[in-house]
Every structure is written in structure tokens, then in C-alpha cells.
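User: I am new to reading protein models. Can we go through this one, and can you show me how each label is earned?

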Amino acid sequence: MEEKDLEQVVRGLLRAKKAVAFTGAGISAESGIPTFRGEGGVWDKYPPSRFGNLLGLSWEWLVNPGRVKDFIKDVLEAFLQAQPNPAHLALGRLEALRILKSVITQNIDNLHEKGGCHKVIKIHGSLDRARCSRCGALRLMGDQGLREIVQSLGIRKGRRVGFLKWLGYLLGECESCGGRMRPDIVFFYEALPMDAWSQAMAEAQSCDLMLVIGTSGIVYPAAQIPFLAKRAGAEIVEINQEVSPLSRIATYRIEGPAGETMGKLFSLLESKNFREWG
Ligand code: OAD
């Protein structure tokens, strides 16, 4: 990564009236949460046809409940151990400086919030929330709630009940209507949460700079977001270790790890008299 590329991005951020970030699993990789795709990714160990959708999981549950429990345990433990890295922290500080107006994320971890961002639009839901399948009421489980779930995984026997019913036992009943709770995350073949998706589209269409960090850009409709921003005239800054389908619309591309890159970028922004620069 060349310093002059970073300088251009810093100048762009300082010029921008509304900068927004769009993030994917790559931003949390340096926090120890595996990405989905690529070597060592979640889908490498747990194929998405069996573990990435509710039908696949229900079937897997019938034939191999221990494997489903391992999957849930791996995901939850990674979530619980992870801490925000310099990329999450830099976004939090850019928000505090009123340069960054929102983060649209595909991630279901809570590292943007822990990194100091307040306006986080989670288009694929959040692992630390449960949602009622009947009335839609949400319940925040927090880290403590997730720790209790990890502990109870070893106690609750599988196989005797269907997967969704078992999940309902794990998550408890809805406090509003007594309905069955499920994780508030978007599995494959499910619709995105309408509120979050409308907000994400509105942010994309009204920003003038979008930081696109650590996403493969191949999962739709999420991957439309940078295209909406581009069509509305925004500059696109891609930060990724690899080239992606979004690279072709990038105004600037910085190839490198998100944590290291965003850390350097923020130090550069801080070290300059940025009012003069802007
Ligand atoms: P992917 O796993 O598809 O892609 C991760 C991206 O991050 C790749 O482009 C990597 O090159 C890049 N990357 C990896 N490590 C990095 C690092 N340290 N710094 C910068 N970039 C890095 O993850 P997503 O694009 O987030 O959907 O995947 C999108 C969706 O696919 C997810 O939200 C999930 C998944 O199926 C659902 O769960 C609905």
C-alpha cells in the first residue's frame, strides 16, 4: 500500500459531505472471525448447502445433530472471543469526527458497535438478537445470553425434536406472544429485513463517498449497495486483500488487510492538519 494512495483517500474523506461504509466478513478477519469464503472460511468447513440455510440445517440435524451443534458452537465462540480491530476502531473515530455518517454491514457480529459506531445498519441481521417467528418481536441476548447458549449446547439433547423446535428451546419463548424464537439472522433463501434494507439503499443513494471494506461482493442483493452509491455519483474506495467484482467500480483501490490499512489511514488523517487539507 502506497502512502500517496492513502493520502488520496484521506483527502476524499475530508472532502466528502456524506461518507458511508459498506463492510463484509473481511473487516472482522483480523479480529479472529473467519470469513465465509476462501481457504479456512466458514463455508469451507461447513458447506452452505447444509449449514447456510434452515432446510439444510434441519436435514443435517436429523442425520448428525452433533455436527450442527459444533457449527453453532464454533460460530458463537468466534463471536464471543472477537474484539474490534483497528478497522472497526477507525470507523468509530471517523463517525465521532462526523466524517462517517453510517455503516452498512453484512456482518452478524457486533464489532462495529464495540468499535464505537452508533449508526450501524445490519442487512443480514445480528447474531446476538433473537426474533419471534410469530410476531417478529426482537430480543437482545447480548454476550451473556450467547454464553449461556454455548453452555446449554452440551446439555440439550438433539434428534428427539425437529431443528426449529430445538432452536426454540435454546432461545426461550417470545415474551410478547409466547411464540417460537429464532436467531435474527438472514439465512440463504430468506428475505433481508425490510427496514434495514430500505435504510441501506437510502444511505447508498445519498452518500458521496463509500468505503467498501472486506467483502467479496458476490452475495446479492447486498452487493448492489456499492453499485447504487456509484450510480448516485459517489466515489468508491475499496479496501480488500484481493480483487473483487466491485473493484471495477472503485475510484480508489487499496489492496491490503483492512485493520492495518484503516489504522494507517486514520493515523494519516489525524497527523495532518486536516482542515487545511480538506
Ligand atoms: P466473504 O467471505 O464472501 O468475503 C470476504 C472478503 O474479505 C473477500 O473478498 C476477501 O478477499 C476479503 N478479506 C479477507 N480478509 C481480509 C482482510 N484481513 N482485510 C481485507 N479484506 C479481507 O464475506 P462477505 O463478502 O461478507 O451472508 O460475504 C457476504 C455474505 O456471504 C455474508 O454476509 C454471508 C455470506 O454467505 C449471509 O449470511 C446471508
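Analyst: What follows is a set of short questions on this predicted model, each answered by setting a value against its cut-off.

User: Why is His124 called buried or exposed?

Analyst: His124 has a relative accessibility of 14%. Buried means under 20%. So His124 counts as buried. His124 sits in the loop between strand 3 (120-122) and strand 4 (125-132).

User: What makes the pair of His124 and the backbone oxygen of Gln106 a polar contact?

Analyst: The distance decides. A polar atom of the His124 side chain lies 3.4 Å from the backbone oxygen of Gln106. The cut-off for a polar contact is within 3.5 Å. So the pair counts as a polar contact.

User: Which class does Tyr189 fall into, buried or exposed, and why?

Analyst: Exposed means over 50%. Tyr189 has 76% relative accessibility, so Tyr189 counts as exposed. Its place is the loop between strand 6 (181-185) and helix 11. The backbone of Tyr189 deserves a look too. Phi is near 75° there, a positive value in a residue other than glycine.

User: Why point out a positive phi?

Analyst: Because most residues other than glycine have a negative phi. Arg98 is another case to look at. Phi of Arg98 is near 65°, and that is positive in a residue other than glycine. Arg98 is in the loop between helix 7 and strand 2 (100-105).

User: How do you know whether Arg98 is buried or exposed?

Analyst: Its relative accessible area is 69%. The cut-off for exposed is over 50%. So Arg98 is exposed. Ala96 passes the test as well: its relative accessible area is 61%, so Ala96 is exposed. Ala96 belongs to helix 7 (residues 86-96).

User: What makes the bond between Tyr220 and Pro221 cis?

Analyst: Look at omega. For the peptide bond joining Tyr220 and Pro221, omega is about 5°, and the bond is cis. Most peptide bonds are trans. Pro221 lies in the loop between strand 7 (209-213) and helix 12 (224-231).

User: How do you know how the span of helix 11 compares with the expected one?

Analyst: Helix 11 covers residues 194-206, which makes 13 residues. From first C-alpha to last, helix 11 reaches 18 Å. The expected span, at 1.5 Å a residue, is 18 Å. The two values are close.

User: Why say that the buried residues of helix 11 line one face?

Analyst: Those buried residues are Ala196, Trp197, Ala200, Glu203 and Ala204. Seen down the axis of helix 11, they fall within an arc of 130°, so they line one face of the helix. On the other side, Met194 and Asp195 are exposed.

User: Now the ligand. What makes Arg37 and the ligand a polar contact?

Analyst: An N or O atom in the Arg37 side chain is 2.6 Å from an oxygen atom of the ligand. The limit is 3.5 Å, so this pair is a polar contact. A polar side-chain atom of Glu30 lies 3.0 Å from a ligand nitrogen. For Gln241, a polar side-chain atom lies 3.3 Å from a nitrogen atom of the ligand. Both distances are within 3.5 Å, so these pairs count too.

User: How much of the ligand does the protein bury?

Analyst: Taken alone, the ligand exposes 790 Å². The protein buries 92% of that.

User: Which residues come nearest to the ligand, and what classes make up the shell?

Analyst: Of 23 residues around the ligand, Ala25, Arg37, Thr215, Ser216 and Asn240 come nearest. The shell has nine nonpolar, eleven polar and three charged residues.

Methods. Residues numbered from 1 in each chain as written. Predicted model: local features only at pLDDT ≥ 70, side-chain atom pairs only at ≥ 80, totals over all residues. Heavy atoms only, no water. Near = heavy atom within 4 Å. Polar contact = N/O pair within 3.5 Å; in protein donor to acceptor, adjacent residues only side chain to side chain. Areas by Shrake-Rupley, 256 points an atom, 1.4 Å probe, with all protein chains shown as cover. Nonpolar A, V, L, I, M, F, W, Y, C, P; charged D, E, K, R; others polar. Helix = DSSP H or I, 4+ residues; strand = E, 2+ residues; numbered from the N terminus. Expected span 1.5 Å × (residues − 1). Buried < 20%, exposed > 50% of the residue type's maximum accessible area, 1.4 Å probe, protein only. Arc of directions from axis to C-beta.
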